[in-house]
Protein chains: 2
Amino acid sequence: MSEQNTRILLKSRPVGDVGLEHFEWVTTAKPRAGEDEMLIRNIYLSVDPYMRPRMNEGKSYFRPFQIGEVLEGGVIGEVIESYVAGFEVGDIVQGLLGWENYSISNGSGLKNLGKDVKNLSDHMDILGMIGATAYVGLVGMADLREGESVFVSAAAGAVGGAVIQIAKLMNCRVYGCAGTDQKVDYLVNELGLDAAFNYKTCSSVSETLADMCPEGIDVNFENVGGRIMEGVIRNMNEKGRVALCGVISNYNLPTQEANDGPDSCGLSVGGLFMLISRQIKMQGFLVSAYPDLCREYGLKARGWLAEGKLKSRVSIAHGIENAPSAFLGLFTGENTGKQLVALSSEEIRSGI
Amino acid sequence: MSEQNTRILLKSRPVGDVGLEHFEWVTTAKPRAGEDEMLIRNIYLSVDPYMRPRMNEGKSYFRPFQIGEVLEGGVIGEVIESYVAGFEVGDIVQGLLGWENYSISNGSGLKNLGKDVKNLSDHMDILGMIGATAYVGLVGMADLREGESVFVSAAAGAVGGAVIQIAKLMNCRVYGCAGTDQKVDYLVNELGLDAAFNYKTCSSVSETLADMCPEGIDVNFENVGGRIMEGVIRNMNEKGRVALCGVISNYNLPTQEANDGPDSCGLSVGGLFMLISRQIKMQGFLVSAYPDLCREYGLKARGWLAEGKLKSRVSIAHGIENAPSAFLGLFTGENTGKQLVALSSEEIRSGI
């Protein structure tokens, strides 16, 4: 195991597409924990679409990344040196840490999962923020009821997979789309979608959906925005609900204003009118604002997982040096399920 | 008073801008009521933006107008001949009737206001659907609370004026925009807006609003969509609410799909992302779906009106033959307050 610490910094702010040129790789000595600090060996790093807007200047819901600073993301790791009360060597911790092999922390914001933790990647996916996001959107925002019909865009992605499984557990019909035939096949044959389509090869999302689910869509779990969302809204039922979770079609656009580019339209005026005429509610949300629902979900998810009713699906890249390319892959649809980066073996414990 | 009946029919379906060429004027003899029918002398006709989408083919929330049929709208009139139980000569009735001087009805869908009715135009504005729309949007959809800040587009229009008055009665700060300096002046000096701007001469809605209400917008009552809505959303506070009432910027567009034209974008992907990052709820609604809230409003409005706290503001065109041009004026901003067409004198009663 490396005694060096490779860290990924933001080199420059992307305007438009993010690329490898916006990252910087530096290698330092493995750090040591100081007074009231602990040293964490990072095991898995999560790369997520929301990190792209954090690379822009200006306020988002997160403090923007700073140029020359190490990037930050969801990490699960093991405490290998500790001078912090409540954290012992061998404890598994989870929280926001750097894109690096080793992190120093005073424990602030970290969740201590204890020593007896299995299947760490589950905690980065279906048992973590990913699963909770799906639940808060479906149950909290969209008030999903048994037997309704649900559509989810980016269905083969991390949140998409969780949405599908939770909606299926609620006896709903579930439809979705993805960007390759292989993913569509996976959605229908492995995740059990009632039907799915490849949005890249379908000429009209609206017509495809009209054929696919003539009963209409009650709940749209939106991850994309733009052309796909437009087509879904045209197939929504009266008093439908849109849980607005992400707009990945936006994140790499050079401009953020309406009419500034051919791809910058999130919803047409005709689509807005449909929100009125069908009395549709659209609600944007951040999972972090709903701790009670997250706890409620955590209890249910543990039960479902134990009964084999819920599964975690991850794509794993290896090595911190590959974190930037794994991140870029989110925008070109490389991943199926949650994209993680394995920084260190899950099996080696307390290997200081 | 004319013994003839002038009626306005839909001549052809507009594609894009509606014009006088889409209407047909016909004159027939004054009709007579048959068995179980009554004859109504129409006094005021309401022309409203939602009638434009009704001129298109295909299902909206209303049955589309048919070519060659008389157009339909909100009317208040007087019964001048009746063979319908519960309706007597001299009763004032309100409901959906034709764009014509005299209507025949079997009473279905008509509200009988009785004989002792004053200020009939109030019932077509602040005491009717207009006031109720403002109330349902502000209270029902947007859950407006005392002391919040409210923005309303098309503020000098019928619903805009009601929104302003109701929000002011709830001790809110209220901002708005309109399309002429004269209207902006009227909004601030007569309706008591905290501030307003002319959207036609302002280069950036977003920057104008940022200067005008640095505290941010809690509730947006949306009548327009597109560029104005985009700028407002960029100034909304966390957990803000958008009551989506109308998209008048859409109604005259030849195409209804995103990216089909430079003006067809209702909200950019950047705007959608803002809905997420600020956790904003946007809800489309039809006033007719909330009868309980309408009754609640009716009681309050009668009290407020009696105390002089609520005022009706109407623009009145005269003569059924001028109904089409009054209707067209809604899209070019000719009206201030509720646009009505006076078909017959309010004062002449039972003048069969």
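Helices H3(A) and H10(A) are roughly perpendicular to each other, because angles from 65 to 115 degrees count as such and the two pack at about 115 degrees. This holds for a predicted model, which scores ipTM 0.88 and pTM 0.89. For chain A the mean pLDDT is 91, with 93% of its residues at 70 or more.

**Helix packing around H3(A)**

H10(A) spans residues 291-306, and its axis lies 9 Å from that of H3(A). The crossing of this pair is right-handed. On the H3(A) side the contact involves Gly131(A), Ala132(A), Tyr135(A), Val136(A), Val139(A) and Gly140(A); these meet Leu293(A), Cys294(A), Tyr297(A) and Ala301(A) of H10(A). By class, 8 of the contact residues are nonpolar and 2 are polar, with no charged residue.

H3(A), residues 129-141, also packs against H4(A), residues 158-169. Here the angle is about 55 degrees and the axes are 8 Å apart, and the two helices are therefore oblique to each other. H3(A) passes H4(A) in a right-handed crossing. From H3(A), the contact draws on Ile130(A), Gly131(A), Thr133(A), Ala134(A), Tyr135(A) and Leu138(A). H4(A) contributes Ala158(A), Val159(A), Ala162(A), Val163(A), Ile166(A) and Ala167(A). This contact comprises 10 nonpolar and 2 polar residues, and no charged ones.

The geometry of the two pairs is set out below.

| Helix pair | Angle | Axis distance |
|---|---|---|
| H3(A) and H10(A) | about 115 degrees | 9 Å |
| H3(A) and H4(A) | about 55 degrees | 8 Å |

**The sheet formed by both chains**

Strands of chains A and B join in an open sheet of 12 strands with mixed pairing. Its order is E10(A)-E9(A)-E8(A)-E11(A)-E12(A)-E14(A)-E14(B)-E12(B)-E11(B)-E8(B)-E9(B)-E10(B), so that E14(A) stands beside E14(B) in the order. At the edges are E10(A) and E10(B), each comprising residues 195-198. Each has a single partner strand, so one side of each is left without a neighbour in the sheet. From one strand to the next, the twist averages 15 degrees.

Within chain B, strands E11(B), residues 217-222, and E12(B), residues 236-244, run parallel and are joined by 5 bridges. Val219(B) stands opposite Arg241(B) of E12(B).

A helix of chain B lies across strands of both chains: H9(B), residues 269-277, crosses over E12(A) and E14(A) together with E14(B). H9(B) runs at about 75 degrees to E12(A).

Terms used
Residues are numbered from 1 along each chain as its sequence is written. Chains are lettered from A and ligands numbered from 1 in the order in which they are written. This is a predicted model: local features need pLDDT of at least 70, side-chain atom pairs count only at pLDDT 80 or more; totals for chains, interfaces and linings use all residues. Axes are lines fitted to C-alpha atoms, for helices over the stretch in contact, and angles run from 0 to 180 degrees between N-to-C directions. Helices (H or I, at least four residues) and strands (E, at least two) are DSSP runs, numbered from the N terminus. Angles under 35 degrees count as roughly parallel, over 145 as roughly antiparallel, 65 to 115 as roughly perpendicular and the rest as oblique. A crossing is left-handed if the near helix is turned anticlockwise from the far one by less than a right angle, and right-handed if clockwise. Two residues are in contact if their C-beta atoms, placed from the backbone, lie within 7 Å. Ala, Val, Leu, Ile, Met, Phe, Trp, Tyr, Cys and Pro count as nonpolar, Asp, Glu, Lys and Arg as charged, and the others, Gly among them, as polar. Two strands pair if DSSP finds at least two bridges between them. pLDDT is the predictor's confidence in each residue, from 0 to 100.
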